[in-house]
Amino acid sequence: MIEHPKVFISYSHQNSDYETKILDFSNRLREDGIDANIDLYEEAPSEGWPRWMENQIKQSDYVLVVSSKSYYDKCYSQDGKSKGLSWEVNIVYQHLYDACSMNIKFIPIFFDSADEQYILTPIKPFTYYNVGTKSGFDSLCLRLHGISRAQKPPLGKPKALPTKDKKTMFFSTPIDLQKWNSAKWKGAIYLFALGELPILGLLFDNYEAGTDIFKEWSQKFIDSDLDDFIKIDYIIPPFPKSCWVYADPDRNFGNGYFIHIGPNIEKSVERSRISGIDPNAMYLAFLSRYQWMDEKGGSRNRDIFEKLISNGSGYFVIPVGLIDNSKPVIQENLNLGFDYIIRMRDVTFKAGINLRTDDICKVVLEKANLQ
């Protein structure tokens, strides 16, 4: 608290009534313990008025700038400028300039709310007071005495962070990323024979690398049902109206479907439980791959495949490559990997529009960023 802050009041001379208001205001400040000073208390300062005004501004703790139309006009208008007021204002400007626009010394005040518009431009950003009201006058006095209306309480001790439940990372995936990147899966073909299980052929750009994938599956899951580890899903039309494929000419404007190959989530969770890991305390990590399949000629092959496996008898999966990658996908140019054939039971057909938020296949509905 500053017991007797020294304050200088800068105002515009207008008439005797206004000067009386300024004098009464200054007297009230002094009654409140504030060492207020105005030119009305002086008759003839020995150093002269310009030096006296400069000394008052320099020696005071605060300068109260009484905003009014007269003050504003005498400062900014080309007509009717006041020598004394212009001198004071220039000193104010220079102090603000030297302080790099940082200000605690110059305080704008006014007696009527209509005079708020006449606050000088350089002090407009700072706190002002309507001293024509009791609350405004009292607030100004507290400010001049260095008293805050609200006191900051002492800092308490930080609360301990809540303990996070520990989670275990469980990695389960049939996808060997390096091998799939090398094989470059690019499509699927269907083989049908009367009285035989249908065959789904995964077409790879690099046939040798594709066969390595099937070798690994056969060796890794030799004593297990492959369906316990691999899940094949078909995501078929209709897709959500906003899905990117409908606007993509490379996806035949949505005329086709996705094949998604990933882990069997339910079986992965079951294996984690057998391993002693609580599924509720586990993060399941995996890799998956999907491919878009155009259906420019209609969905006949897909429909036949779906119908043939609907009785639950299963199907076969084989790797397929082209004998000559420069030639089209025709029977004579196919390298069919019957030596690596794998039998599977389950495949799921899901309409893209019905995919749940927690379905891992929902990834196909978001356009991949290949950058």
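pLDDT is the predictor's confidence in each residue, on a scale from 0 to 100. This is a predicted model, so colour the protein chain by that value before selecting anything. The mean over the chain is 88, and 95% of the residues reach 70 or more. Among the elements, strand β6 (residues 168-171) has the lowest mean pLDDT, 70, and strand β8 (residues 199-204) has the highest, 96.

**Stop 1: the parallel sheet**

Select β1 (6-10), β3 (62-66) and helix α1 (residues 16-31), then add β2 (35-37) and β5 (129-130) and β4 (residues 106-110). The five strands make an open sheet with parallel pairing, and their order is β2-β1-β3-β4-β5. β2 and β5 are the edge strands; each has a single partner, so one side of each is left without a neighbour in the sheet.

Go to the β5 edge. β4 and β5 are joined by two bridges in the parallel sense. To find one of the paired positions, select I109, whose bridge partner in β5 is Y129.

Now bring back α1. This helix lies across β1, β2, β3 and β4, and runs at about 160° to β2.

**Stop 2: H4**

Move to the segment before β1, where H4 is found. H4 is exposed, with a relative accessible area of 53%. Which residues does H4 contact, leaving aside its neighbours within four places in sequence? They are G33 and D35. D35 belongs to the span of β2, given as 35-37. For a distance label, pick the C-alpha atoms of H4 and D73: they are separated by 33 Å, with these positions 69 residues apart along the chain counted as their spacing.

**Stop 3: helix α2**

Select residues 49-59, which form helix α2, and show W52, M53, Q56 and I57 as sticks; these four are buried. Looking down the axis, they cover an arc of only 130°, which puts them on the same side of α2.

**Stop 4: the largest nonpolar core**

The largest nonpolar core has 32 residues, and I232, Y234 and I259 touch the most other members. Elements that give two or more residues to this core are α6 (177-183), β7 (185-191), β8, α7 (207-220), β9 (230-236), β10 (256-263), β13 (315-322) and β15 (342-344). In soluble globular proteins, nonpolar side chains tend to be buried together.

Centre on I232. Not counting residues up to four places away in sequence, I232 touches L200, I259, H260, I261, Y315, V317, M344, V347 and T348. A second core, separate from this one, has 22 residues, including V7, Y11, V131 and F137.

**Stop 5: strand β8**

From I232, step to its contact L200 and select the whole of β8. Six of its six residues are buried. In a regular strand the side chains alternate between the two faces of the sheet. In β8 both faces are covered: I199, G201 and L203 are buried on one side, and L200, L202 and F204 on the other.

What pairs with β8 in the antiparallel sense, and over how many bridges? The partner is β7, over six bridges. One of the paired positions is L191, with I199 as its bridge partner in β8. β8 also pairs with β13, in the parallel sense and over five bridges; here L203 has V320 as its bridge partner.

**Stop 6: the mixed sheet**

Select β9, β10, β12 and β16. They form an open sheet of four strands in the order β12-β10-β9-β16, with mixed pairing. β12 and β16 (348-351) are at the edges with a single partner strand each, so one side of each is left without a neighbour in the sheet. Neighbouring strands are turned by 25° against each other on average, direction ignored.

β10 and β12 run antiparallel and are joined by six bridges. Select H260 to find one of these positions: its bridge partner in β12 is Y290. H260 is also one of the residues touched by I232.

**Stop 7: two loop residues**

Follow the chain out of β12 (289-294) into the loop before α9 (300-308), and select E295. Is E295 buried or exposed? E295 is buried, with a relative accessible area of 6%. Residues up to four places away in sequence aside, E295 touches N252, N255, G256, Y257 and R302.

End at N280, in the loop between α8 (265-274) and β11 (282-285). N280 is exposed, with a relative accessible area of 64%. The C-alpha atoms of N280 and W52 are separated by 80 Å, and the two residues are 228 residues apart along the chain.

Terms used
Residues numbered from 1 in each chain as written. Heavy atoms only, no water. Pairing = 2+ DSSP bridges. Contact = heavy atoms within 4.5 Å. Axes fitted to C-alpha atoms, helices over the stretch in contact; angles between N-to-C directions. Buried < 20%, exposed > 50% of the residue type's maximum accessible area, 1.4 Å probe, protein only. Arc of directions from axis to C-beta. Core = buried A, V, L, I, M, F, W, Y, C linked by side-chain atoms within 4.5 Å.
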